[in-house]
Each structure stands twice: as structure tokens, then as C-alpha cells.
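Thanks for asking me to look this one over. My notes follow as numbered points, with the charged pairs at the start and the overall picture towards the end.

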Amino acid sequence: MKHFSSIWCVCSLLLCLTGCAQRDVHAVQENTLIYCITTEPDHLDPFLALSADSRYIMFNVFEGLLKPAPDGSLVPGLAESYNVNEDFTEYVFTLRDAVFHNGSPVTADDAVYSIEQAVAARLNGMQAVQSVSALDERTVRIVLSEPDSEFEYNLTTAIVPAGYDELNTKPVGTGPFQFESFAPQQELVLKKNPAYWQPGVPHLDTIVFKIKADFKSALVDLQAGSANSGFFDTASALQIDPERFTVVYDNSNSVQMLALNNAFGPLQDARVRQALCYAVDCKEIIALAHNGHAVRAASPVIPGLVNMYNGSLDSLYAHDIERAKQLLAEAGYADGFPLTITVPSSYQMHIDTAQIIVNQLARIGVDARIQQIDWAAWLSDVYQGRNYEATVVSVDGTTLSPRSYLSRYVSDDPANFINYRSEAYDRLFAQTLQTGDDAARTQQYKELQRIIAQDAGSVFICDLSVPKIYAKGIAGFVPYPLYVFDAAPLYFE
């Protein structure tokens, strides 16, 4: 019996070790980046994806005719060159020699199909497309119904095979990495694209995006060695061993805000929204919730777009409790009102911010309470359904133009989840589409920021810095002025 028990114990131990190896099989693979994230993509189809986190990951899979560069410029993507007519109504692109992940060559028909899909999905900036056609196998012409000197910024949208209908289950693009598998709530795996058109990259063989419930569980994986990198919050970054890991702080290139549903009861009154702006102390939030790793952002546009950001708004709502109380009294809410702040549970930085805001609003009599929901519910209930009162979230732009940050606040824009309505804002935004002079358009962008800030469309807080943590020996990280993760230049030293 003792001999049998010993054998049973040894076998049990081997089974346990085998099970552990299966669970962390990626951790022992060479040249594999295991990257922790706390939210999974809502869609793999680039024309249906709502969340910035989906674009964050799929930036490695899909490419457009043009690509954003780390310095904020646009560079050739699947188009090796292009021409624009004098009045910015006709764009002609010549395609490079490239192939999709399924081995089929990229043709003009694929580009036509993809642009048509983007127009049908009402993706940002595509409203003015009048027609798109293939002039020959490698040449595409896009005709606009009205001049748009910034239209090329929208052409980072994905090019996919014509007629391909499995994008949400088996996405096919041309990027440096190709889709391998997706297990919801577990992991998304990408493999190196051996036929990538750009020489020298990527360096990694595999990327495993490991989906964790929160930053705490992600940190456990990192410290245990079953992950070697990831997207974290500043509190997690303070807990890592600097001998084992490197922390890279990079602006999120999105604006964290207390988003206010302008169609909800008291928040329909601009004076109430302005009172909340005066009551929320953004400096305190940056110091306490983000450990100082954030930049004040007083409008929907990120401060990183230096020439386009309206910095004069930073002092518009200097913290002033008495002014906030006065505005509430004028609006008929001298005794305050209850307010539910819905927060996605997977983002600790937003939960921390909401907790601080609850205490700040209590000083003016507003009884704010936090409701945590999962990310999928937030997307369906808050973002799409607009069934909420207030929420804390970061909102990004899909392109390098300020227009992509500002367009979502046009009254009839499908992304206008705060239900902001302003005829003055709508008129001026429409004018920006017609303005060809860069200096004049810049002033219009700044005026749009002033309009929505003075209307207190929401409480705009900051562009927070997001720490990426890498195990020692991983190098090549390149920051972008967009909310994307570019794995192509990463490598193991």
C-alpha cells in the first residue's frame, strides 16, 4: 500500500505539472510576447468594432491605404503613392504589391469593397464619399461630394478581401501579424505574417493577448512569469520589481472624462453641468487616481495635438465650490440631486477616478453613487443604448485629425453617446469640412472645443499616462499619438 501510494503521489504530481504546463504553454515558447489586457475586443471585424481596445489590438492585423506614423504623420500603407486634385474632391491611389494573410493578392477591387464597407458602417470621415472605383487592378479612385483637405486621415481604415464575410470570426488583413485564434475571456493569439510587405519586421513569432479580469490578476501573472508584458494602471506599476521589469509610461491619447448624459433630468440644464465642472477638481484626480501621470485635458481633443488643442480652456473651470453651489441653486437644485456614475469594472483607473468624484460632488450636495458593470454591458447599455446618467471613461480619436475627436459631438452622429446638442457646434463643424486653409481650420477646431467646454457637454479631465510593463530583455517599444499597440518593432534582446 505504501508503494502504491508513492506511485500515486508521483503520478498526481506529474499530472499537476502537466496541467500547469498546458495552462501556461505560451510562457515557455521562445520569441512569444504574452501581453496582459483587461478588456477583450468587442468585434474583430474592423467595420463593426466600437471599442478603442479592439483597434488597439487589431492595429497589428489590419492596414489601410495609409498608415499613421509614430511622429504623427501619415505614411504609405497598402498604397505606395497617391494624388489629390486641387479642390480636394478626388483622391487616386496606386497600390503596392502585397498579399492578404490568406495568400490572395491585394487588388483595387479589395480596396473598393473595403471603402464601401467603411461608408456603409458610417465610419468617421466617410460621409462625403460619393463614389469609389477601380481604374485598373492596382489603381483606386475616390470621389467626394464636397472638398475635404483632410480626407486622407480617414484612409487608415482597414483593407480586407472583397466579399470576405468571416471578419468577426477569422479576420484577414495584411498587417505584420495574422489572426490565429480567439478564446473569449481567455486569450487572443496572433502569429507572425511571413509574407509581410515591409522588410525587417515583425521580429516576434507570436503574440498572446491574455485577457484578465482586472489589473490585480494581470499583475499576479506577470510576477509569476506566466506573462511577460502588459497594459496596466499606475498603481500596478508601483508594485513591480525594477530588477525584473521595465515600465514605459505612454499617454493614452484619449481624454478621460466624467461623461454626462445631456438628455438625463437635471443634466439637461447647462448650469447643472457647469456646476459639476466647477466641483470636480481635476488636479486632485491626476494626483490621487493617476499618481501624477496624466496631462490636463479640458476639451475632447488630446493636448498631444499641440497646435490644435485649445489650451486656454485649462483654466475655464478653476475649482470653485461656491460657484458650483450658486449655479445649482439658479437651476433649482440648491439641495443637490442623486446621480449614478456607471463605470466599467475592468478599468481600475476609472473606478478610482469615480470614487474621488463622488467625494468631490458631495461637497455641493450631489449624492453620487458608483455602479460597476462589465465592459460588454457598458458598450451595450451606456455607449450604444445611452441608458445611463453619468460615466467615467476615456474617449479616443480614430485618426490623427482633431476632427475624429470632435465629430462624435455633432448632434446626429451615432457615436454621440452623451446626447450633446448644439446648433452652433453643428454649423461650425460642417464648416470645417469646407475649409481648405490649415490656419483657418485650426482656429475652427479650437472654437469647437470652446463651444462644447462652455456648454459643459461633459467634465473633461485628462489624458492619462498608461504604463506598459515589459520583462527585462524585451525592447523596441515605439509610442504613437493614437491609442494603438504596435508590436511589429518589439523584439527580445
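1. Arg 427 and Glu 423 form a salt bridge through their side chains, with 3.9 Å from N to O. This is a predicted model, so please read that distance as a computed value from the prediction. Both residues sit in helix H12, which covers residues 423-434, and they are four residues apart, about one turn of the helix. As for their surroundings, Arg 427 and Glu 423 are both exposed.

2. A second pair within one helix is Arg 450 with Glu 447, where the closest N and O atoms are 2.4 Å apart. Helix H13 (residues 438-454) holds both partners, here three residues apart, again about one turn of the helix. Arg 450 has 28% relative accessibility and therefore counts as partly exposed. Glu 447, also given as 28%, is likewise partly exposed.

3. Which residue does Arg 55 pair with in a salt bridge? The partner is Asp 396, and the closest N and O atoms of the two are 2.7 Å apart. This pair links distant parts of the chain: Arg 55 belongs to helix H2 (residues 52-58) and Asp 396 to strand S17 (residues 390-396), with their positions 341 residues apart in sequence.

4. Staying with that pair, is Asp 396 buried or exposed? Its relative accessibility is 5%, so Asp 396 counts as buried; the cut-off for that class is under 20%. Arg 55, at 25% relative accessibility, counts as partly exposed.

5. You may also like to look at a group of charged residues joined together. Asp 148, Glu 150, Arg 403, Asp 438 and Arg 441 are linked in a network of salt bridges. Across the protein, the count of salt bridges comes to 14.

6. On the nonpolar side, Tyr 82, Val 84 and Phe 88 make a surface patch of about 210 Å². Val 84 lies in strand S4, which runs over residues 79-84. With 32% relative accessibility, Val 84 counts as partly exposed, and the patch rule asks for over 30%.

7. Now for the whole chain. The protein has 13 helices and 20 strands. Its C-alpha atoms fill a box of roughly 85 × 65 × 35 Å along the principal axes. How does the radius of gyration relate to that of a compact globule? For 493 residues, such a globule would have a value near 23 Å, and the protein has 24 Å, which agrees.

8. Burial and contacts round out the global picture. Of the 493 residues, 54% count as buried. The accessible surface comes to about 20500 Å², and carbon and sulfur atoms account for 51% of that area. If you take the contacts between residues at least 6 apart in sequence, 71% of them join residues at least 24 apart.

9. Finally, a friendly word on confidence. The average pLDDT of the protein is 92, and 94% of the residues score at least 70. Where does pLDDT stay under 50? That stretch is residues 1-25, for which the model has two contacts beyond four places in sequence.

Conventions:
Residues numbered from 1 in each chain as written. Predicted model: local features only at pLDDT ≥ 70, side-chain atom pairs only at ≥ 80, totals over all residues. Heavy atoms only, no water. Patch = residues over 30% accessible without salt bridge, like charges linked within 9 Å, V, L, I, M, F, W, Y side chains within 5 Å. Areas by Shrake-Rupley, 256 points an atom, 1.4 Å probe, with all protein chains shown as cover. Salt bridge = Lys/Arg side-chain N within 4 Å of Asp/Glu carboxyl O. Helix = DSSP H or I, 4+ residues; strand = E, 2+ residues; numbered from the N terminus. Buried < 20%, exposed > 50% of the residue type's maximum accessible area, 1.4 Å probe, protein only. Rg over C-alpha atoms; globule rule 2.2 N^0.38 Å. Contact = heavy atoms within 4.5 Å. pLDDT = per-residue confidence, 0-100.
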